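Here is a quick tour for anyone meeting this structure for the first time. Take a look around, and then we'll go through it piece by piece.

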Amino acid sequence: MRTQPLYLLNTVASPLAFLFFVVVASRGALLSYGILGGMILTVLTTGTGIQSDLVHYKQDMKFQDVVVSSPVEAPIYVAGIALSEFVYAVPGLVVFLLLSAVRFPGVPPTGFVYSLGGAATLFGALLLVWAFASALGFTIATYFQDIRETFVFSPLISLIMTTLPPVYYPISSIPASIRWAAYLSPTTYAADLVHRAVCGVHSACYEAPSLAAAGVDWAVLLGLTAVLFFLAATKARWREP
Amino acid sequence: MADAVSSRHLSKTYAYRGGSTVALEDVSFDIPAGETFGLIGRNGAGKTTFLRIAATQLLPTAGTVTVLGYDVAHEERQIRSRIAVVPQESRPLYFANTEELIVWYLRLRGMDRRESRRRANGVLEELGLEDVRRRLVSRLSGGQRRRVMAAMVLASDADLLFLDEPTTGLDPFARREVWGAIQRANRERRTVLLTTHYLDEAEALSSHLALLEGGHLVVSGTREALRARIQLPYRVTVDGTTGAEELSRYGTVSGFGDLRLVFAREREARELAQLALARGARLSLAPVSLEDVFLQLVGRPLDEGPEAESAEGAA
C-alpha cells in the first residue's frame with residue numbers, strides 16, 4: 001500500500017465489476033443482492049488472499065522462517081497478516097456501505113440504513129466469512145512451494161464460494177433440483193444472514209430469504225470457522241516435517 | 001564449557017513423490033556455547049538442513065539435536081525465545097524502511113520500544129546503514145538488504161544466532177562490516193552458528209568448525225586442530241612444469257588441475273620457491289589454510305560445482 005497505493009483499488013475492482021454485470025443482466029432487479037454480495041466477496045477474497053502473501057513471505061523472502069525461529073506463534077503471525085490484509089478490504093466495504101445507504105432508506109430509531117440488530121448481524125457474518133477464509137488461506141498456503149500455485153486456487157475458491165452460490169442473486173434463481181448444492185458453500189449462509197440484516201427492515205430487497213433459518217446460518221458459519229481454525233492449528237505446516 | 005547445540009546421529013531425509021533425498025546422515029557434533037562455529041561445505045552438503053533443524057524450522061528424520069539444553073523435536077518453544085535466524089537467501093520486507101524493520105523485528109521478539117530503538121540505532125551504525133535508515137527496503141541494493149537481515153538478528157538479545165550464508169553477495173567492505181558485528185556478538189559471549197562457502201570467512205570468524213560433505217560429517221574441531229591435520233605448515237603452489245617426483249623431495253605433493261600443491265616445512269618451502277623462481281615457473285607460497293585442509297580431506301576445492309542437485313533445494 002505504501003509502495004503501490006493502487007493495491008487498494010484492487011479489492012474493490014472485482015466485486016464492483018461483478019455487481020455491474022449482475023445489475024445489467026437483471027436490468028437492475030438484483031441491485032440489492034449485488035450490493036450485499038459485494039461485501040461478502042470483498043471480505044472473502046481478502047481472507048483467502050492471504051495465501052499469496054503467506055507463500056510470498058515464506059518461499060520468496062524466507063520471512064516465515066525468521067518468524068518460526070522466534071517467540072512468535074503461528075496464530076499471532078497469521079492474525080497479523082490477516083489484519084494487515086483486511087486493510088485492503090476497507091475501501092471496498094466503504095464503497096458498498098455507501099451504495100447500500102443510497103439504495104436503502106434509513107430505519108428508525110438510528111436513521112441509519114441498518115437497524116442495530118441488522119448492523120450487528122452484518123458485522124458478525126462478515127467477520128466470520130473473513131475469519132474462516134483467512135484460516136483456509138493459511139492452511140492452503142503452508143502446503144504451497146511456489147506463489148504461482150496460489151494463482152490457481154484463489155480464483156477457484158472465489159468461483160466456488162461467491163460466483164456460483166447465491167451471494168449476488170437469490171437462491172430461488174437456482175433450479176430446485178440442484179438447490180441443495182448451494183448449501184454446500186458457507187457463503188450461502190453468510191449471504192442469507194446479510195440479506196436478513198437488510199431485507200428484514202427494507203422492502204427494497206428483491207426477495208426476502210426464506211430457506212435457511214438464521215440459527216442454522218450462524219451454526220454453520222461458526223462451526224465451519226471452528227473447524228478451519230482447528231485444521232489451521234493442527235494440519236498447517238508451520239514447522240516443516 | 002557447555003554446549004549450545006549438540007547433535008547426535010542426526011539424519012534427515014526429504015521425501016517427495018516418487019523418491020527421497022538424504023540430506024544428512026548420522027551427523028554428530030557439538031557447538032560450544034559462546035563461540036562462533038563455522039559450518040562449511042559445498043552446495044547440497046547439508047549445511048542449511050542442519051541449521052534449519054537446529055533453528056526449529058524443520059524436524060529431524062532420526063537422531064536428536066539439543067539447543068541450549070532443549071530438544072528441538074519437542075521443546076521448540078523454549079528454544080525459540082532464545083534464538084534468532086538469518087535464513088539463506090532471505091530478504092527483508094520491502095515495504096518498511098530500514099530502521100522500522102529492525103525495530104519491528106525486535107518488538108516482535110518482545111523487546112520494549114525504547115530498547116528496540118536503542119539497539120536499532122547501534123546496529124545501523126555498526127553495519128554502515130545509517131545513511132539508509134529512513135529509506136524503504138525496496139530501494140536498497142542487494143548487499144544493503146543482506147546487511148539489514150544481519151542487522152535484525154545481531155540487534156536482538158538472542159543467546160544463539162544462526163546465520164546462513166549472511167555475506168553472500170556482499171562487497172568486500174560490507175562483508176567486513178558484517179564480520180565486525182559477528183565478532184562483536186561473539187565478544188558478548190553469544191553463540192553464532194555460521195554457514196558459509198567462504199573459507200576465509202569461516203577461518204577469520206570461527207573458533208570451531210565442522211565440514212559437511214554429501215550429508216556426512218567429514219571432520220569437526222577447533223580451527224587450530226583442523227589446521228594441524230596438515231602436519232606441514234606451508235603450502236607452495238607451482239605450475240605443472242615441475243615433475244611430481246622432483247617436488248616430492250620438498251614435501252607432500254598433491255595435484256590440482258594444472259597446479260601442484262606442495263606442503264612443506266619452512267626451509268624446504270623456501271628452497272622450492274627459489275628453485276621454481278629460478279626456472280621461471282609461476283608459484284605462490286603461503287601458510288596452510290582451511291582451504292588446504294578441505295582439499296586434503298575432500299579431494300577437491302570447495303568452490304568446485306556441487307556433485308548433484310542440492311538436497312536443500314529439494315526441501
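How much space lies in the largest pocket? About 1500 Å³. Bear in mind that this is a predicted model. The pocket's lining counts 45 residues, and those closest to its centre are D53(A), Y57(A), S84(A), E85(A) and Y88(A).

Which helices each supply at least two residues of that lining? Chain A brings α1 (7-25), α2 (31-48), α3 (50-60), α5 (74-86) and α8 (147-163), while chain B adds α3 (98-108). The largest share belongs to α8(A), with eight residues. Sorted by class, the lining has 24 nonpolar residues, 17 polar ones and four charged ones.

Let's stay with the helix that chain B brings. In α3(B), the buried residues are T98(B), E99(B), L101(B), I102(B), V103(B), Y105(B) and L106(B). A bit of background helps when reading such a list: an α-helix has 3.6 residues a turn, so residues three or four places apart point the same way. The buried residues of α3(B) pack against elements of both chains: α4 (63-68) of chain A, and β6 (83-86), α4 (113-126) and α5 (142-154) of chain B.

The two ends of this helix have details of their own. At its start, N97(B) has a side-chain oxygen within 3.1 Å of the backbone nitrogen of E99(B). Just after α3(B) comes G110(B), with a positive phi of about 100 degrees.

Now for chain A as a whole. How many helices and strands does chain A have? There are eleven helices and zero strands, so if you follow the chain from the N terminus, you meet one α element after another. Chain A has 241 residues, and 51% of them are buried. Look at the contacts in chain A between residues at least 6 apart in sequence: 78% of these join residues at least 24 apart. As for the outside, chain A exposes about 10700 Å², and carbon and sulfur atoms supply 72% of that area.

Three residues of chain A show how much exposure can vary:

| Residue | Where it lies | Relative accessible area |
|---|---|---|
| Q51(A) | helix α3 of chain A | 0%, buried |
| A101(A) | helix α6 (residues 89-103) of chain A | 41%, partly exposed |
| R27(A) | loop between α1 and α2 of chain A | 79%, exposed |

Why does Q51(A) count as buried? Because its relative accessible area is 0%, and buried means under 20%. Leaving aside residues up to four places away in sequence, Q51(A) touches G137(A), I140(A), A141(A), F144(A), T150(A), F153(A), S154(A) and I157(A).

A101(A) falls in the middle class because its relative accessible area is 41%, and partly exposed covers what lies between 20% and 50%. Its C-alpha atom is 28 Å from that of A82(A), a residue 19 places away along the chain.

R27(A), in turn, counts as exposed because 79% is over the 50% cut-off. Its backbone has a further feature: R27(A) has a positive phi of about 55 degrees although it is not a glycine. K62(A), also not a glycine, has a positive phi of about 60 degrees. You'll find K62(A) in the loop between α3 and α4 of chain A.

Note on methods. Residues are numbered from 1 along each chain as its sequence is written. Chains are lettered from A and ligands numbered from 1 in the order in which they are written. This is a predicted model: local features need pLDDT of at least 70, side-chain atom pairs count only at pLDDT 80 or more; totals for chains, interfaces and linings use all residues. Side-chain values use heavy atoms; hydrogens and water are left out. On a 1 Å grid over the protein atoms alone, a cavity is a set of points where a 1.4 Å probe fits but cannot get out, and a pocket is an open set with protein on both sides within 12 Å along at least five of seven lines; lining residues have an atom within 4 Å of a point. Grid points are joined across faces, edges and corners, and a volume is the space filled by probe spheres set on the points. Helices (H or I, at least four residues) and strands (E, at least two) are DSSP runs, numbered from the N terminus. Ala, Val, Leu, Ile, Met, Phe, Trp, Tyr, Cys and Pro count as nonpolar, Asp, Glu, Lys and Arg as charged, and the others, Gly among them, as polar. Buried means under 20% relative accessible area, exposed over 50%, partly exposed in between (1.4 Å probe, protein chains only). Contact means heavy atoms within 4.5 Å. A polar contact is a pair of N or O atoms within 3.5 Å; within protein, one must be able to donate a hydrogen and the other to accept it, and residues adjacent in sequence count only if both atoms are side-chain atoms. Accessible areas come from the Shrake-Rupley method with a 1.4 Å probe; for residues, only the protein chains shown count as cover.
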